[in-house]
Amino acid sequence: MDHAIDLDQAAAEITTRFQAWAASGLSPRPITWRDETLRWPQRLETDRALVADPDSIGVRILGTDGWTEVHLVLFRSGWADLDALTDDEVTTECPQITSPEEFGNLLDSSVTRFLGAGRHPG
């Protein structure tokens, strides 16, 4: 599989936002990692050390109301799955991502757009 995105750098984009999200009342869940070398169905791990060849990372962020949420998965090939559940709709998008910084922008815009809070200060 093509390695267009460094998933460790992309995970750092998530990690730097945890505190701001929590301060906004959001509840981010641990980053999940999927290992390309494991047989299907691959387990999701929260411990990076257990993943030899990561092919995706994910994060789930719960809104302040306990109902709304955003779930983002980034694949090292350079595309993301965005799923958002709000009061009146479910949104699914699959944007192309070219860098960890672009993924950080997607995190910020998704949290602001769907959860209305948690903008990254940087």
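These legends accompany several close-up views of a predicted model.

**View 1. The largest nonpolar core and the elements that build it.**
Start here to get your bearings. The largest nonpolar core holds 26 residues, and those touching the most other members are Ile 14, Ile 57, Leu 74 and Phe 103. Five elements each supply at least two residues of this core: helix H1 (7–15), strand S4 (54–62), strand S5 (69–75), strand S6 (79–85) and helix H3 (100–115). H3 gives the most, with six residues.

**View 2. Leu 74 and its surroundings.**
Now zoom in on Leu 74, one of the core residues that touch the most other members. Which residues does Leu 74 touch, not counting residues up to four places away in sequence? Those with lower numbers are Ile 5, Leu 7, Ala 10, Asp 55, Ser 56 and Ile 57. The others are Trp 79, Ala 80, Ile 97 and Phe 103. Ile 57 and Phe 103 appear again here, as they are also among the core residues with the most contacts to other members.

**View 3. Helix H1 packed on helix H3.**
Two packed helices are described by the angle between their axes and the distance between the axes. For H1 and H3, the angle is about 30 degrees and the axes are 9 Å apart. Because angles under 35 degrees count as roughly parallel, H1 is roughly parallel to H3. The crossing of H1 past H3 is right-handed. On the H1 side, the contact is made by Gln 9, Ala 10, Glu 13 and Ile 14. On the H3 side, look for Pro 100, Glu 101, Phe 103, Gly 104 and Leu 107. Sorted by class, the residues in this contact are five nonpolar, two polar and two charged.

**View 4. Ser 110, a buried residue of helix H3.**
Ser 110 sits in helix H3. Is Ser 110 buried or exposed? With a relative accessible area of 2%, Ser 110 is buried, because buried means under 20%. Leaving aside neighbours within four places in sequence, Ser 110 is in contact with Val 70, Leu 72, Leu 82 and Leu 115.

**View 5. Leu 106, also in helix H3.**
Leu 106 counts as buried, at 12% relative accessibility. Beyond its neighbours within four places in sequence, Leu 106 is in contact with Leu 72, Ala 80, Pro 95 and Ile 97. Leu 72 is a contact of Ser 110 too. To place Leu 106 in the wider fold, follow the chain to Leu 26: the two are 80 residues apart along the chain, and their C-alpha atoms are separated by 17 Å.

**View 6. Two buried loop residues, Arg 76 and Leu 26.**
Arg 76 lies in the loop between S5 and S6. How accessible is this arginine? Its relative accessibility is 3%, so Arg 76 counts as buried. From Arg 76 to Ser 110, the C-alpha to C-alpha distance is 19 Å, with their positions 34 residues apart in sequence as the spacing. Leu 26 belongs to the loop between helix H2 (18–23) and strand S1 (27–28). Leu 26 counts as buried at 4% relative accessibility. The C-alpha atoms of Leu 26 and Asp 47 are separated by 22 Å, and these residues are 21 apart along the chain.

**View 7. Thr 46, an exposed loop residue.**
Thr 46 is found in the loop between S3 and S4. With a relative accessible area of 55%, Thr 46 is exposed, because exposed means over 50%. Not counting residues up to four places away in sequence, Thr 46 touches Pro 30, Ile 31, Thr 32 and Trp 33. Ile 57 is 11 residues away from Thr 46 in sequence and 9.5 Å away in space, C-alpha to C-alpha.

**View 8. The cis peptide bond from Trp 40 to Pro 41.**
What is the form of the peptide bond from Trp 40 to Pro 41? This bond is cis, with omega near -5 degrees. Pro 41 is located in the loop between strand S2 (32–35) and strand S3 (44–45).

Definitions and conventions: Residues numbered from 1 in each chain as written. Predicted model: local features only at pLDDT ≥ 70, side-chain atom pairs only at ≥ 80, totals over all residues. Heavy atoms only, no water. Core = buried A, V, L, I, M, F, W, Y, C linked by side-chain atoms within 4.5 Å. Buried < 20%, exposed > 50% of the residue type's maximum accessible area, 1.4 Å probe, protein only. Helix = DSSP H or I, 4+ residues; strand = E, 2+ residues; numbered from the N terminus. Contact = heavy atoms within 4.5 Å. Axes fitted to C-alpha atoms, helices over the stretch in contact; angles between N-to-C directions. Parallel < 35°, antiparallel > 145°, perpendicular 65-115°, else oblique. Left-handed = near helix turned anticlockwise from the far one by under 90°. Nonpolar A, V, L, I, M, F, W, Y, C, P; charged D, E, K, R; others polar.
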